[in-house]
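Me: Please take a close look at a single part of this assembly, and then set that part in the context of the rest. A connected account would be preferred to a list.

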Amino acid sequence: MMNRWRVLKRLLPLMAGMALLLSACGRDDLSTLSPQGPVAQKQFDLMTLSISIMALVVVVVFAICIYVLIRFRRRKGDNTIPKQVEGNHTLEIIWTVVPIILLLILGVPTINTVFGLSKDYSKDPEAVQVTVTSHQYWWEFEYPEYGIKTAQELIVPTGRKIQFKLASGDVTHAFWIPSIGGKIDTNAGLGTTNKLYLEFPNEGVFRGKCAELCGPSHALMDFKAKAVNQASFDRWVAAMKAPVAMPADEKVKAAFESKCLTCHAIGETNAGSAAPNLTGVGSRLTVGGILYNDEKSVEENLKDWISHAQTIKPGNQMPDVSTNVKYGPGKGTTATGLTEEELDGIAKYLAGQKLEY
Amino acid sequence: MSAHDHQLDGHLPHEPEKATLEGRNKILGFWLFLGAETVLFGTLFAAFIALRHQTLDGPTPDHLFELPMVFAATMILLVSSLASVFAVQALHQHKVKQMIVWLIITILLGLSFLGLEIYEFNTYVSEGHKLTTSAFSSSFYTLVGFHGAHVAFGVLWIGLLIAQIFKKGLTVVTAPKIYVSAIYWHFIDVVWVFIFTVVYLMGKVG
Amino acid sequence: MAAHAHTVKRYRGLMDWLTTVDHKKIGILYLIAGGLFFLVGGLEAILIRIQLIKPMNNFVGADTFNQLITMHGTTMIFLAAMPMLFALMNAVIPLQIGARDVAFPFLNSLGFWTFFAGGVLLNISWFAGDIPDAGWTSYVPLAGPTYGGGHGVDYYLMGLQIAGIGTLIGGINFMATIINMRAPGMSFMRMPMFTWTIFITSALIVFAFPVLTVGLVALTFDRLFQANFFETGNGGNAVLWEHIFWVFGHPEVYILILPAFGVISEVISTFSRKRLFGYSSMVFATVLIAFLGFMVWAHHMFTTGLGPVANGLFSIATMLIAVPTGVKIFNWLFTLWGGSISFTSASLFAIGFIPTFVMGGVTGVMLAVAPADFQYHDTYFVVAHFHYVIVGGLIFGIFSGLHYWWPKMFGRMLNEKLGKATFWTFFIGFHLTFFIQHFLGLIGMPRRVWTYLPGQGFDTMNAVSTVGAFLMGIGTIIFVVNVIVSAANKKPVADDPWEDGRSLEWSIPSPPPEYNFKQLPLVRSYDAWWNEKQKRQRRNAAGRAGRTDPYAFAIDPSARHEHRIVRSGAGLHVRPSGRCHRRARRHLWQHVLPLRVRRSRLPHRA
């Protein structure tokens, strides 16, 4: 009796720890355990089903294991030879058949969901089409129906199916918004474009991540998915298409055009598309996907980014004020060498690029 | 003297290659090695099939391959396989000279196959079909080249074995080596039949 | 001529170790090399965990971190786990099947030195400054010539190619050994379970490694000769690499875990003094796992975009593996059931293996559910899963096997107190490190991230995980201390030090003489040595004298399967064969430079 209580007492902290763990389901905008859309919900349901079945298996095995270890441990001085059993057909059949039944219970909904989640809404006029192109280390979102391109921040309307077409501009990445739905790889090369649909029933901002090792800054290749209502989405599309004024200061304008627009694009001046589109960059939640604009102001974050891009995201394709690009196809691209004045001007200009929606 | 000792007092058994445990181990081990080789070529074939339509701006298989020459190479290799069968038959009858003659024929046919292949590759390169041209060309040269390397290795190996037979005679030590080299030669012959079908014939069909 | 003397020069000391073709010494060489690489890989793991102890840590930085994870994975799988398995294979298999050596002693030595050269080459990259950094899976285009600049990945390709050849040689050798070299009477269905699992593992090596060879050759050609296998810009296909890698890679995980199953079967059976429950179903399950292991590779690629049909099929195929694996788990539990279980360090590791491996197994089934895998894939959930099966399964198995066979390999016992301390620190440290990582993955932490932003709920769990990693490190250090202590201990060890040994290796001295068996044993049943001991005991109890020769097996008319074994014409004992004695003494240089020594002059006996 005493013995059992001691065992239980030892297990208590463990159980408390488990309970604590289970209650910590992570952030609502990040965790797969708090699904915020039907796709993640279906996946969560399968996860729950499989965890339940597997918990049953674990409990049975642990129970037998603990019983056996206590009941059949060798006592001091015990030198008897146990009966040498070859096997037991009934038992062996039971532990072959029962797992098969359990797997059937798991297998049928699995197959259903595999096909259910692979539906293609590319031809559905009700769905919003988004082309995702991944780059080291940023995300490009193109809306072919509206003729607009944005980066790092995916804006989608609630209540409609969002059909993604995904490919990579360089190495393999994986597109993942955990609380909305599972990931899919973005491959480079012909014939390996992937499709995925997601749904955002609730307004809000959800964190997205790259889930495939893609280089030094793989860990920092975050993006945001912002779900807004249909009216707001329409306003956003209109704002994205509105013309954009260049910096008023001639010196800043010259620097911006010669140092930034060779790769970046803003508004209709689509000089370059090798780097994130800057239209509306001032109203994004982050700079570079990881510098949060609610912690520091957009302008400060932009200044940090432009002057220290290579420190903030090691190995990315953007040279900063003093550092050359060290990796990838852009290797050797020399530092921008922006003066303090130009840097301030450009940061201020870009921070002012806000969209009303 | 030493050659004599290995013949069990002058008497070689009918199948000298299987007379000792070492011999049997060697043959079994070699079959297992060929199992691994099958997987190796299987993977090369898979890669080739996956990439064979990616010709980019380079020549297409239809444009490139000259079947009569490849067919001649196939025949040469098939006949060489037959020669190595006769060599093993001579081995079982303990006719050492006859065996060596057949082995030499095998080698000569292998060499002419290699000659044709080198000529063929040379022609392709001059037509702009290089290793670096396209995914098709890379997988083509790797697959066919791996086979060619196997033929070259076989020629070298059998050549060395002939030298060893001259030195040591046919014994329970040398017989298993001759035997496994014959299995090896048949194996690369079979691989070539698949290359002929999958690379050349299917390349012509499209 | 008449003397038939074999005048091979015998080396001593270091030269003897460098040139040995004795499987027992090669086993020890594998253990030393694998152990060293295990320490290197472990150190890399500790550095990884220190980097991740807190958010936005800059302990090693992004570049070094990617190099660390790549080298940690590659080192642990190819240079630590597999060599340590080869150590056990070499030390035990010929003894278990009653053979005097392996089928190809020279190739055995060649295989070891090839592996070692490959491993050293891979690790030279640390000193050369160009270190592989594309992950142990080396996915293209990241590992290709365009994005993987420098020569880091080249070290990976060359190192693995060379080490892989060594492994392949070993696989062929052990298959041939087990097929051809078994003692008289040892039919396939009387082989010890460890021998069975090594047989199947060797078969997997033979059929899986050539796939890797081709993959490595193709990527090498891409990188060094501008070929276009995986160059997506020139018609190459990056997904093809994933297929090739995993067609090899999935059987590879069974290559790793099956021998652990074998070790556990032996240890549990010995320390519960019971015959392995359901031996034939164990054998069948092993074969089935290996067979299915070849048709599930695409479950590593559910998110690659192969389409619902492929994902569905590979889901179901993967789940099926749970059935034979479950059979094994229950067979172990019912071997313990009704037994007389003693808790030595070896059996603690084996018993700790069961629940741990079950946890790794069930998360494996969860990962097989393709739609759910879209959430788990490439997150810390997967990291937790494969560490549960590889560390909680394989490494526990290796530790168990080392504690179990150490007296046989070295003629010295490991200290039991230190052994138990190793177990508890390593076991607790392991669960502390990896259990929590399941949840890290589920709440959204991708794997292979060198750092993470604060405020995402990852901070505490990562810190706990790092503490666990240190505990595992302490466990490993205790084991090393134990090895040193045992080396200093000069007390000789009995032939059957656990007293409950069941298979033939326990019937000969510890460590065994160079030729292993003075007389080849005649095997009359499964658990041959155990049954002999029981018979002797019965005979002694009946008042008759036991046999004087402790190594010879007696014929007992009451033995089961009696009718099946009288196929050896050799009578009671097989004559000691001069051939094997000679071969055991042959050394490496003799094969490399055959002209320097006189050739054998003995006639070969059939």
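Reply: In an unreviewed entry, UniProt places the feature "domain: Heme-copper oxidase subunit III family profile" at residues 28-204 of chain B. In the model, which is predicted, this span is 85% helix and 0% strand. The C-alpha atoms at the two ends of residues 28-204 of chain B are 39 Å apart.

Chain B also meets chain C, in a contact to which chain B gives 33 residues and chain C gives 32 residues. On the side of chain C that touches chain B, two or more residues come from each of helix H5 (152-180), helix H6 (193-225) and helix H7 (238-271) of chain C. H6(C) has the largest share of this side, with 9 residues. Sorted by class, the side of chain C that touches chain B comprises 21 nonpolar, 9 polar and 2 charged residues.

Of the helices named on that side, H7(C) may be followed along its course. H7(C) consists of 34 residues, and the distance from its first C-alpha to its last is 50 Å. That reach is close to the 50 Å expected at 1.5 Å a residue. H7(C) nevertheless contains a kink of about 30°, and the kink is centred on C:Trp246. As to its surroundings, H7(C) is mostly covered, with 32 of its 34 residues buried. After H7(C) comes C:Arg273, which has a positive phi, near 55°.

Chain A offers a contact of another kind, between domains within one chain. Chain A is divided into domain 1, residues 128-241, and domain 2, residues 250-351. Taken over C-alpha atoms, the centres of domain 1 of chain A and domain 2 of chain A are separated by 21 Å. In the contact between them, 20 residues of domain 1 of chain A meet 16 residues of domain 2 of chain A. Strand E3 (148-151), strand E10 (223-228) and helix H4 (230-241) of chain A each supply at least two residues of the domain 1 side. The largest share of that side, 3 residues, is from E3(A). By class, the side of domain 1 of chain A that touches domain 2 of chain A holds 10 nonpolar, 5 polar and 5 charged residues.

To return to the part in question, the UniProt feature at residues 28-204 of chain B covers a span that is 85% helix, and chain B as a whole gives 33 residues to the contact with chain C.

Conventions. Residues numbered from 1 in each chain as written. Chains lettered and ligands numbered in written order. Predicted model: local features only at pLDDT ≥ 70, side-chain atom pairs only at ≥ 80, totals over all residues. Contact = placed C-beta atoms within 7 Å. Helix = DSSP H or I, 4+ residues; strand = E, 2+ residues; numbered from the N terminus. Nonpolar A, V, L, I, M, F, W, Y, C, P; charged D, E, K, R; others polar. UniProt positions renumbered as here; feature names shortened; annotations may be inferred. Expected span 1.5 Å × (residues − 1). Bend = angle between axes of the 7 residues up to and from the residue. Buried ≥ 20, exposed ≤ 12 C-beta atoms within 10 Å, placed from the backbone. Domains from an automatic or database assignment.
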